[in-house]
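Open the model in your viewer and keep the selection tool at hand. Each stop below gives a selection and then what is found there.

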Amino acid sequence: MQNFSRTRMFATIITAVVTASSLTVGSAVAAEPSTIEQDVAQLVKDVEDAENGHAQDIADPFLDVGIGQNRDAGCTEGALVTHVKKLAARLTPLEQQAVDAFTSLGRLYVQGVVSEEQPQAFGSAGQYSARADATIRNLRSFWDIEGRDIQLVAWKGTDLGKQAKMKLAFEIGMTPVKADKAAANARKVLFELPAMRKGRNPLLTMNALSTPPGSVGGKRVLLGDGLLDVASEFGFGDVSVETIVGHEYGHQLNYANDNHPNDEARELGPDAFGGYFVAHAKGRAFNASAQRKVGELNASIGDCDRGHGTPNQREAAAVWGQKQAALGEILPSATIIARFTKDYPGLVTTGSGVS
């Protein structure tokens, strides 16, 4: 069972305090006037109850910043991670609580409710939809694992403002009556707090996840609009979808091969498998310039907390995978995992590529 406090994406310590009057939104209005603080507290409790109302398993995120404890001396965090932390630092404590709760609620919806059979729009304006569809189709045919049941679904912050959708999310761990009340309050909070930008604050979907077999919704890749938007701001828009989805599919390779590392290999492995996929002639066949951008994107999401991979390590893992792609035929997933495991000590120790 996944505890709500363990799913928080951002743990930046913030000291500002804010209060605001409650607003009436839509047709769902509490019988008694309530303060925004009470509404947010209720949202947090409702999300906790929904998550604790069912068993679930969540894989490690592509971007997971601010939660580690053991920092590497002399390490400089990646540019994208630094930017996200700055965005989070602008939030008041109340806004941070709401972002945390909405992030978990949105993940619950996209993991347990959304289906790939429904129309999907990837990116805040749907601008990445064609590339996302092409990438997941390519991945299913490229790797030797069963991929037909691995769904690629869009994680959209604007869904948080749609009460009927959020009711379905809450119903995963609540009775329909409680879920309806929780969804009404969630919508209310979303529009009460200007910082949420009606669901368009990129922090609400600043992530991508790969969910394992047996979890709610089954095997999935969840692709957040916020992560795609910020990656584009940093000049990675032309490689972001393929890099991120390739990485998340790399987690699926580990699941399928019963490979469950508990150190930096947890993220560096999927970085390497994604690098292999985007560079291989039968994968996305990226040219040398695009491959460099993939490495730079990986570096930008590196942090200095043990277990996630530093910028140098994450870039080195992608480069390692790209080098393997030049060898010819597509390697079986078990073989690429074994090769990575063999070379991993050099990657994690030096952060430099391995020949």
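The tour goes from confidence to the sheet, then to a helix and the core.

**Confidence.** This is a predicted model, so begin by colouring it by pLDDT. The chain averages 86, and 83% of its residues reach 70 or more. Select residues 1-31: pLDDT is below 50 there, although the stretch has 79 contacts in the model beyond near neighbours in sequence. Then select residues 58-69, where pLDDT is again below 50 and the contacts beyond near neighbours in sequence number 56. Where pLDDT is low, the predicted coordinates should not be read in detail.

**The sheet.** Select strand 1 (151-155) and strand 2, the edge strands, each of which pairs on one side only. With strand 3 added, the three strands form an open sheet in the order 1-3-2, with mixed pairing. From one strand to the next the twist averages 15°.

Now zoom in on strand 2 (residues 208-211) and show side chains. A208 and S210 point one way, L209 and T211 the other, and all are buried. Strand 2 runs antiparallel to strand 3 (residues 220-224), and four bridges join the two. Where is the bridge partner of S210 in strand 3? Select V221 to find it.

**Helices on the sheet.** Add helix 7 (residues 225-233), which packs on the sheet and touches strand 1, strand 2 and strand 3. The direction of helix 7 makes about 55° with that of strand 3. Next add helix 3, which lies across strand 1, strand 2 and strand 3 and runs at about 145° to strand 1.

Select helix 3 alone (residues 93-112). From first C-alpha to last, its 20 residues reach 28 Å, close to the 28 Å expected at 1.5 Å a residue. Of these 20 residues, 17 are buried, so helix 3 is largely enclosed by the rest of the structure.

**The core.** Select F102, L105, W143, F170, M196 and F340, the residues with the most contacts inside the largest nonpolar core, which has 93 residues. Helix 3 gives the most to this core, with nine residues.

Centre on M196, in the loop between helix 6 (176-192) and strand 2. M196 is buried, its relative accessible area being 0%. Leaving aside neighbours within four places in sequence, its contacts are E95, A98, V99, F102, L190, N201 and L204. For a distance check, pick the C-alpha atoms of M196 and L91: they are separated by 10.0 Å, with the two positions 105 residues apart along the chain.

Finish at F340. Not counting residues up to four places away in sequence, F340 touches A265, L268, G269, A272, F273, W320 and L347.

Conventions. Residues numbered from 1 in each chain as written. Predicted model: local features only at pLDDT ≥ 70, side-chain atom pairs only at ≥ 80, totals over all residues. Heavy atoms only, no water. Expected span 1.5 Å × (residues − 1). Buried < 20%, exposed > 50% of the residue type's maximum accessible area, 1.4 Å probe, protein only. Pairing = 2+ DSSP bridges. Core = buried A, V, L, I, M, F, W, Y, C linked by side-chain atoms within 4.5 Å. Contact = heavy atoms within 4.5 Å. pLDDT = per-residue confidence, 0-100. Axes fitted to C-alpha atoms, helices over the stretch in contact; angles between N-to-C directions.
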